[in-house]
Amino acid sequence: MSLMKSLLAGACLTLLPVAALADPALIFDLGGKFDKSFNEAAYNGAERWKAETGGTYKELEMQSEAQREQALRRLAQSGANPIVMTGFAFGEVLAKIAPDYPDTKFVIIDMVVEQPNVQSVVFTEEQGSYLAGVAAALASKSGTVGFIGGMDIPLIHKFECGYAQGFKATRPDGTLIINYTGTTPAAWNDPVKGSELLKAQVSQGADVVYAAAGGTGIGVLQAAADAGVLSIGVDSNQNHLHPGKVLTSMVKGVDNSVYEAFKAGTEVEPGVRVMDLASGGVSLAMDENNKPLISDEIAGAIDTAAKAIEAGEITVHDYMADNTCPVQ
Amino acid sequence: MERMPKWADVILTPLISLVLAFAISALVILAIGESPAEALKVMVQGALGSSYGWGFTLYYTTNFVFTGLAVMVAYHAGLFNIGGEGQAAMGGLGVALVVLALPWPHWALALPAAAMGAALFGALWALVPAWLQARRGSHIVITTIMFNFIAAAALNYMLVNVLRPVGSMDPASARFPEAAHLPKLSEMALGLGVEWGRNTPANVTFFLAIAACLLVWLLIWRTRLGYEIRAFGKSEPAALYAGISPVRITVLAMLVSGALAGLMAVNNVMGEAERLVLNAVEGAGFIGIAVALMGRNHPLGVLLAALLFGFLYQGGGELALWTSIPRELIVVIQALVILFTGALDNMVRMPLERLFAALRRKGA
């Protein structure tokens, strides 16, 4: 039976839809392309490349955990090169399939995959979050600030830990409330729960809340604006979502990573790329939307802390190095 | 009303329903400004036009055969098992526990053990709703669908807290050992010297699915238990009068049904992912309902309907990849097929019956 099919299939093989060779491709993880945060940053990077070069790229949105392998294989099979994917969850699958497509270059963001044709882009989120903690400490009137994480994983604890270090360094007597949305990838896309968590934190006295939760953060920022407290966005610049209500955003240069990968095309350099504060990989977003909120004192403190981190005078502990945080 | 010839009942009716469903889908695609002909071409080529497409289509077909058979067996006992999703998810847990528990020397040993684990977990997951139905009269539709949610939550818990390897962030089990790797159809073809469907997930479980079709046919139409199941499904009072225990038949039919749904996990968990991930079933449990309805509750029909839905699934995925037709529209197309072949079956059947009756009168 399979023999007959293979004969049939062989005859049809030439009819395969063939993509323009070496178009790059981008895969968005759960949470969706327009999560106004992590995935959308990647989308913006790809769009920037498209606008500048006039090229085209393939894109694919994950709908469920089980599709990852097939999506990757399909894109690789179609000749897309390089293939960029957002999110640590692709790590295991990519490690499995990368050797099957030695001529295709893969770029994975937020995870390290050791393969000769994979570029791994990781960010020093703890440094950017440290600055966010400094800003929160100075902007808070009550002395209580909050953190709302998406999925409860070491990567998000890295944000939390950096934030806590910056906050406690500036305001040692302050209180930090920490909540996580869930334990599965669904936690990246649950704005309703995000807003509930924010309300709970506000009732405990928090008046600045940092959301590191992908699409869930939209709910946090909305509820914060409604409740009249300040919020801190993540991954993309989210200041414009509620002008005057979002203190700042801890921006990860995901867009730049995607843009650079697309620009390098098949010449993407394999290996690990660490994007830190000094190289502009992470930063706090400052624009006209949050200008009234950032006093000279806050701006000065952020600047000082950033310089100290870049100079190595402050070492922000990376949670993922030992899965513990020196500050609680 | 006089009956139609068998071929009209079995082939013509679903075919007309299918054509109607595709016609309306074409109108919808036209309405959003895309070309239906182009869409059809992409779907057919993507799913059937290459050995690569076939490799995926057969993989999905295997999933749907198991869940379709599961719905079918319960249906013959007059029970509507819509818990295939949860039973297949628990089957996945069974597979993962069995494969990870022992250092299997060879897949030929691991496969029967994993299949037993999958069937056992699936059957046990169907046991509670079956018992509640048989003893307490709690409606099986309500209980099985509620058990889907319990299964999803239980699996969440197991993957996050128990099966996740140390140091991993992904809520998924450890990778299965290399020795438990099931041969892919592509690898078997390569063994025969044929290059077929490289890197596709269709695997040896496909043959297990065909064997399951045969066994289910034997069970339903060639055994005493099958006769009792059918008798019970046709009329409970009559079955009771004939000395058939409703409790026994309800529980047994659901156990077989749950075991079949659970067996699907051999294909998707052991054959494809080679580890247990969240949402591994991907709605196949629900598609099984449509497959059973469209297959007119016969194993051969289930096999053909599963092939159709395998084609729709794979073709739909290709459509999302190669055209700007949004993924949601593919769900619309699948839903239309389900609607026409399942819910609106009589809309086609009754005019056809009348037509055949009229033809017969004219002939006589």
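Two residues are in contact if their C-beta atoms, placed from the backbone, lie within 7 Å. This is a predicted model, where local features need pLDDT of at least 70, side-chain atom pairs count only at pLDDT 80 or more, and totals for chains, interfaces and linings use all residues. Residues are numbered from 1 along each chain as its sequence is written, with chains lettered from A and ligands numbered from 1 in the order in which they are written.

Q: How many residues does the contact take from chain B, and how many from chain A?
A: Happily, both sides can be counted. Chain A gives 28 residues to the contact, and chain B gives 29.

Q: Which helices of chain B each supply at least two residues of the side that touches chain A?
A: Helices here are DSSP runs of H or I, at least four residues long, numbered from the N terminus. Those on the side of chain B that touches chain A are α2 (36–48), α3 (51–76), α6 (140–163), α7 (185–191) and α13 (299–322).

Q: Which helices do the buried residues of α6(B) pack against?
A: A residue is buried if 20 or more other C-beta atoms, placed from the backbone, lie within 10 Å of its own. In α6(B), the buried residues include Ile140(B), Phe147(B), Leu155(B) and Leu163(B). Their packing partners in chain B are α4 (84–101) and α5 (107–136).

Q: What percentage of the residues of chain B count as buried?
A: Let's look at the whole chain. Chain B has 15 helices and 0 strands. Of its 364 residues, the buried part is 51%.

Key: A residue is buried if 20 or more other C-beta atoms lie within 10 Å of its own, exposed if 12 or fewer, and partly exposed in between; C-beta atoms are placed from the backbone.
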